[in-house]
Amino acid sequence: MAWLNEEEKARWQRYEHDGARRRFVLCRAALRAILCSQLGCENERLEFGASDHGKPFAVVNGRRHPISFNVSHSGKHGLVAFAPKGRLGVDVEERVARRDLDVLVTSVLSLGEQAELALKRGCDKVHLFFSLWTIKEALIKALGKGFSLDVSGFEVPLAMRRGVVTSTFRFPEMPSVRWRLENLGNERFAAAIAHEQF
Amino acid sequence: MSSTEDRIRQLVEENLEVDGQPIAQPINLDSNLSDAGVSSMDVVAFGKLVNEEFNANLSVEDCAKLPTLRALIDHLDA
């Protein structure tokens with residue numbers, strides 16, 4: 001907690017659930033430690049700003065720094081990623097059975113992805129859904145425009161739907177921008193990273 | 001008939017969890033679901049439930065952007 005500034009402490013207090021509070025403070029402290037190490041600055045010199053859609057960026061000595069970073073947490077898992085350049089997004093989700101899986105499937109997956117998922121049963125279906133979700137959320141977070149983008153309007157590359165760990169991706173609306181995707185998940189959690197390539 | 005607020009409270013109580021536990025009681029209508037610890041996946045699923053309950057047409061973006069449950073109630077009552 002000592003590493004957080006007053007604004008972050010206020011945000012910490014707004015969390016109404018102990019687990020959510022703990023995840024926030026641990027991930028924010030880890031992010032500060034990583035960024036201070038990478039940028040060679042003291043913790044007191046590091047602040048955070050946010051874009052119109054809420055994507056945070058680093059501010060050092062009052063000036064925006066170009067380093068990319070992104071954070072996600074779920075249950076007992078946290079994920080922090082950073083890169084010197086290129087937009088970056090990460091997502092981690094604990095793999096848990098959900099009674100509303102079918103509702104989510106029709107909300108966020110394309111028809112092609114839904115067809116792929118329909119071939120799976122039981123745990124395999126849950127496993128694939130969470131993988132697809134984290135890849136899509138990592139892309140959305142990397143883009144930094146929130147859910148203003150139709151999540152069901154783009155597809156995770158077919159190879160990744162079938163188990164390949166890395167791939168490249170282009171949004172249909174912006175084919176000139178290439179993203180590197182990596183599925184970081186294991187049996188307990190799904191996780192993914194999306195990084196803009198130049 | 002129950003008010004929109006009552007129906008939203010019931011939907012939250014019956015469907016939203018954080019770490020497998022019911023959302024904090026009493027439900028704070030002025031808090032952000034994210035501040036309550038609800039994941040984006042749960043927010044999207046909750047939006048679909050609201051659509052079914054109120055015959056509404058909230059998009060994934062609408063669900064993610066509504067700042068508080070009270071804002072959602074106001075939106076549904078408008």
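These are my notebook entries on a predicted model with chains A and B.

**Entry 1: chain A overall**

I began with the secondary structure of chain A and counted six helices and nine strands. Next I looked up the radius of gyration of chain A, which is 18 Å; this is close to the 16 Å that the globule rule gives for 198 residues, so chain A is as compact as a globular protein of that length. I also noted the extent of the C-alpha trace of chain A, about 50 × 40 × 25 Å along its principal axes.

How much of chain A is buried? I found that buried residues make up 28% of its 198 residues. For the contacts in chain A between residues at least 6 apart in sequence, I wrote down that 49% join residues at least 24 apart.

Then I checked the domains. Chain A is divided into domain 1, residues 6–65, and domain 2, residues 90–197. I have the C-alpha centres of domain 1 and domain 2 of chain A at 26 Å apart.

**Entry 2: the sheet S1-S2-S3 of chain A**

I turned to an open sheet of three strands in chain A, with the order S1-S2-S3 and antiparallel pairing. Which strands are at its edges? They are S1 (46–50) and S3 of chain A, each of which pairs on one side only.

I followed the pairing of S1(A) with S2(A), which is antiparallel and runs over five bridges. Within this part of the sheet, I saw that Leu46(A) has Val60(A) of S2(A) standing opposite.

Just past Val60(A) I stopped at Asn61(A), which sits in the loop between S2 (56–60) and S3 (63–64) of chain A. Is Asn61(A) buried or exposed? I count 10 other C-beta atoms within 10 Å of Asn61(A). The cut-off for an exposed residue is 12 or fewer, so Asn61(A) is exposed. I also looked up its distance to Arg45(A): the two are 16 residues apart in sequence, yet their C-alpha atoms are 5.4 Å apart in space.

**Entry 3: helix H5 of chain A**

My next stop was helix H5 of chain A, residues 122–143. H5(A) has 22 residues and reaches 32 Å from its first C-alpha to its last, close to the 32 Å expected at 1.5 Å a residue.

I asked how many of the residues of H5(A) are buried. The count is 16 of 22, and I noted the helix as mostly covered. I kept a reminder beside this: an α-helix has 3.6 residues a turn, so residues three or four places apart point the same way.

What follows H5(A)? I found Gly144(A) there, with a positive phi near 80°.

**Entry 4: strands S7, S8 and S9 of chain A**

I then traced strands S7, S8 and S9 of chain A. S7 (residues 166–171) and S8 (residues 174–183) run antiparallel and are joined by five bridges. The hairpin from S7(A) to S8(A) passes through two residues.

S8(A) is also joined to S9 (residues 189–197) of chain A, by six bridges and again in the antiparallel sense. Here the hairpin from S8(A) to S9(A) passes through five residues.

Leu181(A) gave me a handy point to follow across these strands. In S8(A), Leu181(A) stands opposite Ser167(A), and in S9(A) its bridge partner is Ala194(A).

**Entry 5: chain B overall**

Moving to chain B, I counted four helices and two strands. From the N terminus on, I read its elements as α-β-β-α-α-α. The radius of gyration of chain B is 11 Å, close to the 12 Å that the globule rule gives for 78 residues, so chain B is as compact as a globular protein of that length.

Along the principal axes, I have the C-alpha atoms of chain B in a box of roughly 30 × 25 × 20 Å. Buried residues make up 35% of its 78 residues. Of the contacts in chain B with a separation of 6 or more, I noted that 45% come from residues 24 or more positions apart.

**Entry 6: where the chains meet**

Last, I looked at the contacts between the chains. I found 17 residues of chain B in contact with 20 residues of chain A. On the side of chain B that touches chain A, helix H2 (40–54) and helix H3 (60–65) each supply at least two residues. Which element gives the largest share of that side? I have H2(B) down for it, with five residues. By type, the residues of this side of chain B divide into eight nonpolar, five polar and four charged.

Definitions and conventions
Residues are numbered from 1 along each chain as its sequence is written. Chains are lettered from A and ligands numbered from 1 in the order in which they are written. This is a predicted model: local features need pLDDT of at least 70, side-chain atom pairs count only at pLDDT 80 or more; totals for chains, interfaces and linings use all residues. Two residues are in contact if their C-beta atoms, placed from the backbone, lie within 7 Å. Ala, Val, Leu, Ile, Met, Phe, Trp, Tyr, Cys and Pro count as nonpolar, Asp, Glu, Lys and Arg as charged, and the others, Gly among them, as polar. The radius of gyration is taken over C-alpha atoms; the globule rule is 2.2 Å times the number of residues to the power 0.38. A residue is buried if 20 or more other C-beta atoms lie within 10 Å of its own, exposed if 12 or fewer, and partly exposed in between; C-beta atoms are placed from the backbone. Two strands pair if DSSP finds at least two bridges between them. Domain bounds come from an automatic or database domain assignment. The expected span of a helix is 1.5 Å times one less than its number of residues.
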